[in-house]
Each structure stands twice: as structure tokens, then as C-alpha cells.
Amino acid sequence: MVNILSSSAVYGSTWCREVLQPFFDSTTKVLVIPFSFRDDVDTSEKLRALYAPGCGKYYNLVVTPLSALGVKEQNVTFLDYFEKDTQKALSAIAESDVIYFTGGLPDKMVERIADYGIMEALSAYKGVVMGFSAGAMIQLDAYHITPDEDYPAYCECRGIGYVKQMDVEVHFDGSEAQQRGIDQALRSFGHKVYAIAEDGLVLVQDGNVECIGNVTVYGGEDCT
């Protein structure tokens with residue numbers, strides 16, 4: 001299994017493209033699961049305003065980096081949470097080569113995945129899984145959230161569980177709040193925290209961890 005964890009959708013950048021390229025080509029089918037939206041996005045129309053092809057606010061943010069890796073736009077599918085078609089979603093998961101989780105609210109995304117009835121299928125998925133910010137965090141067995149504009153207090157949550165025995169601090173800039181969050185996570189979880197800057201990425205392949213770009217490791221030796 002391959003897990004790609006980042007703070008931003010940097011996948012087409014020259015500094016990481018060569019590392020990621022082997023996992024993508026013109027036949028790769030990507031299923032995007034944009035379930036990390038805020039509660040005020042409460043209709044399919046509002047969700048499409050964010051991710052609809054051509055006009056969605058975040059559509060190009062997702063598709064453009066994938067295109068740089070050779071993925072054809074027509075092979076990128078976005079799952080609509082409000083469509084509530086579990087069987088269609090299960091088929092899309094089974095047919096995909098890559099699962100892509102968007103940024104936003106990680107705990108909400110996990111709740112919605114469970115509510116949609118696809119948690120078991122995603123947990124059993126063995127392909128390539130990628131995601132930025134919240135989409136990186138939920139790939140873990142457990143993760144912490146440092147206080148920010150969406151989360152007033154430090155908290156610890158369960159993820160899907162693809163990657164175990166590690167934690168991440170996304171959007172890392174070395175702030176005092178982030179350092180406190182990392183310190184608390186080290187005490188709580190007892191394993192390494194990978195602090196990923198905007199120009200950093202962590203690649204986990206069959207349990208082997210590789211840091212690409214700007215990543216700082218706390219609680220152990222740097223990864224290769």
C-alpha cells in the first residue's frame with residue numbers, strides 16, 4: 001500500500017513529482033472524497049459549488065496537480081456526500097486506483113465516511129491513498145488537532161487507520177501553538193510526529209516512511 005500525506009496539494013511540484021510519478025499515469029482512476037467541508041455546506045448544490053468540474057472553487061486545486069502527474073481529467077471522479085448512493089460509491093472505490101481525501105475538517109470527514117456506509121470498504125482498500133491537510137490526518141490510526149480557527153482546543157481523534165505508529169502536524173511553520181500540540185501528541189501517543197510544511201510531503205510505502213521536501217521529525221530520528 002502507498003500513502004501520500006501532505007499539507008497542501010503540491011503533487012505536481014517539481015521537487016516531489018519524480019518521487020510520485022511511478023504511482024500515476026494516463027490510465028489511473030482517482031476517486032476524490034471531499035467530505036471534509038464545514039456544516040454550512042448542507043446541500044449538493046453547495047458542495048458542487050466547491051468541487052464541480054470547471055466551476056467549483058476547489059476543482060482545479062485537485063485536478064491540476066494530478067494532471068501534472070499524467071492523470072486524465074476524465075479519470076478523476078468526485079463523490080457527492082449528499083447523493084447518498086452507497087452502492088455507487090462502493091463500486092467507485094473498487095474500480096479506483098487512487099483514493100484522494102481533501103483538506104478541511106478531519107473529524108467531520110471521518111464521521112461522514114461512516115455515515116455514508118463506506119468506512120469498511122475504505123479501511124480494506126489496498127491501492128494508493130493520498131490527501132492533504134485533513135486528508136493526510138485521517139489516513140492515520142490516530143491523530144491530534146492543534147487549536148486553530150476551526151478547533152478552539154487541542155484534541156485527539158481516530159482516523160481510518162492505514163498508517164499506524166506515527167502522527168502528523170500539518171501546515172507546520174514552527175509556531176508556539178504547533179510546538180505545544182506536538183509535545184502533547186508525543187506524550188499521548190508515544191511515537192514520532194512528522195511536521196509537514198507547505199513544501200513537504202511524507203510517503204509511506206509498505207510501512208517504509210520517506211520524507212520529501214520540508215518535513216521535521218519529532219520524537220525520533222529523521223526519516224530517509
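**Reading strands, a helix and loops**

Modeller: Let us start with strand β4, residues 98–101, which is covered on both of its faces, with V98 and Y100 buried on one side and I99 and F101 buried on the other. Please keep in mind throughout that this is a predicted model.

Biologist: How should I read the two sides of a strand?

Modeller: In general, the side chains of a regular strand alternate between the two faces of the sheet. In β4 you can follow this by eye, with V98 and Y100 on one side, I99 and F101 on the other, and all four of them buried.

Biologist: Which strands does β4 pair with, and do they run parallel or antiparallel?

Modeller: Strand β2, residues 30–33, runs parallel to β4 and is joined to it by four bridges, while β5, residues 128–132, also runs parallel to β4, again with four bridges. To find the register in the viewer, look for I99 of β4 as the bridge partner of L31, and then for V128 of β5 as the bridge partner of V98.

Biologist: L31 has come up now; how far is L31 from A94 in sequence and in space?

Modeller: Distance along the chain and distance in space have to be read separately, and here A94 and L31 are 63 residues apart in sequence but 9.9 Å apart in space, taken from C-alpha to C-alpha. A94 is found in helix α4, and with a relative accessible area of 66% A94 is exposed, because the cut-off for that word is over 50%.

Biologist: What is the sense of pairing between β6 and β7?

Modeller: These two strands pair in the antiparallel sense, over four bridges, and in β7 the bridge partner of I145 is C155. Strand β6 is also covered on both faces, with A142 and H144 buried on one side and Y143 and I145 buried on the other.

Biologist: C155 is a cysteine, so how many disulfides does the model contain, and how would I decide that?

Modeller: You look for two cysteine sulfur atoms within 2.5 Å of each other, and by that rule the count is zero. For C16, the nearest cysteine sulfur belongs to C211 and is 13 Å away; C16 counts as buried, because its relative accessibility is 0%. For C155, the nearest cysteine sulfur is that of C157, at 4.2 Å, and C155 is in no disulfide. With a relative accessible area of 23%, C155 is partly exposed.

Biologist: How do I check the length of a helix such as α8, and which of its residues are buried?

Modeller: You multiply a rise of 1.5 Å a residue and compare the result with the distance between the ends; for α8, which has 14 residues (176–189), the expected span is 20 Å and the end C-alpha atoms are 20 Å apart, so the two agree. The buried residues of α8 are Q178, G181, I182 and A185. Seen down the axis of α8, these buried residues fall within an arc of 100°, and therefore they line one face of the helix.

Biologist: What lies against that face, and what is on the face turned away?

Modeller: The buried residues of α8 pack against β6, β8, β9 and β10, whereas the face turned away from the buried side carries the exposed residues E176, R180 and R187. After the helix comes G190, with a positive phi near 75°.

Biologist: Where is T146, and what does T146 touch?

Modeller: T146 lies in the loop between β6 and β7, and T146 is buried, because its relative accessible area of 10% is under the cut-off of 20%. Leaving aside residues up to four places away in sequence, T146 touches E169, A177, Q178 and G181. Its side chain makes a polar contact of 2.9 Å with the side chain of E169, and another of 3.5 Å with the side chain of H144.

Biologist: Which residues other than glycine have a positive phi?

Modeller: Two cases to look at are K84, with a phi of about 50°, and D206, with a phi near 50°. K84 is found in the loop between β3 and α4 and is partly exposed at 40% relative accessibility, whereas D206 lies in the loop between β9 and β10 and is exposed, with a relative accessible area of 60%.

Note on methods
Residues numbered from 1 in each chain as written. Predicted model: local features only at pLDDT ≥ 70, side-chain atom pairs only at ≥ 80, totals over all residues. Heavy atoms only, no water. Buried < 20%, exposed > 50% of the residue type's maximum accessible area, 1.4 Å probe, protein only. Expected span 1.5 Å × (residues − 1). Arc of directions from axis to C-beta. Contact = heavy atoms within 4.5 Å. Polar contact = N/O pair within 3.5 Å; in protein donor to acceptor, adjacent residues only side chain to side chain. Pairing = 2+ DSSP bridges.
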